[in-house]
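The following exercises concern strand pairing, burial and nonpolar surface. Please work through each task before reading its solution.

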Amino acid sequence: MVKIEVVDIEKPEGVEVIIGQGNFSIFTVDDLAKTLLTTVPGIKFGIAMNEAKPQLTRFTGNDEELEKLAARNAVKIGAGHVFVVLMRNAFPINVLNAVKNHPAVAMVYGASENPFQVIVAETDLGRSVIGIVDGKAAKEIETEEQKKERRELVERIGYKID
């Protein structure tokens, strides 16, 4: 039998989340912390990672609130070797390549500031992430005016499109 559960990620407004999976948790949680610190100056974050053996959630960071929330979210997910990063003062686009290129990271499920849910399957052996829900569903196609506004915003935050 497989039980499916939806886990709501708890985080304050404006906090970015990255959910991924790796291996060798005892080492990876601290190494990913070093990766985040050296990728974006001024980043504030908490990271937690579930270790399959001895079934502990390891955590670290440089922001106590985000560390505790990352650990709490990782425990709620409950899947082995899954990590949760919560961060301020950086966008996922600033750190994703560095995180994905870490030798112990197998995959990144998603990254966003939106409301975020993790879909978890549970078997007799344990729990596994089978997907994520990143924000609300799109309902319409943008207009030319909305496209212009989007491109102006992107340019204001430093990403030129054309």
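**Exercise 1.** In which sense do β3 and strand β4 pair, and over how many bridges?

*Solution.* The model is predicted: local features need pLDDT of at least 70, side-chain atom pairs count only at pLDDT 80 or more, and totals for chains, interfaces and linings use all residues. Residues are numbered from 1 along each chain as its sequence is written, and side-chain values use heavy atoms, without hydrogens and water.

Step 1: strands are DSSP runs of E with at least two residues, and helices are runs of H or I with at least four, numbered from the N terminus; two strands pair if DSSP finds at least two bridges between them.
Step 2: β3 and β4 (residues 56-61) are antiparallel, with six bridges.
Step 3: E51 has L56 of β4 as its bridge partner.
Step 4: four residues separate the strands of this hairpin, where Q55 has a positive phi near 60°.

**Exercise 2.** Determine which strand joins β3 through M49, and assess the burial of β3.

*Solution.* Step 1: M49 has F83 in β5 as its bridge partner.
Step 2: β3 and β5 run antiparallel, joined by six bridges.
Step 3: buried means under 20% relative accessible area, exposed over 50%, and partly exposed in between (1.4 Å probe, protein chains only).
Step 4: β3 (residues 44-51) is largely enclosed by the rest of the structure, because seven of its eight residues are buried.

**Exercise 3.** Locate F91 and classify its exposure.

*Solution.* Step 1: F91 is in the loop between β5 and α3 (92-100).
Step 2: its relative accessible area is 45%, so F91 is partly exposed.
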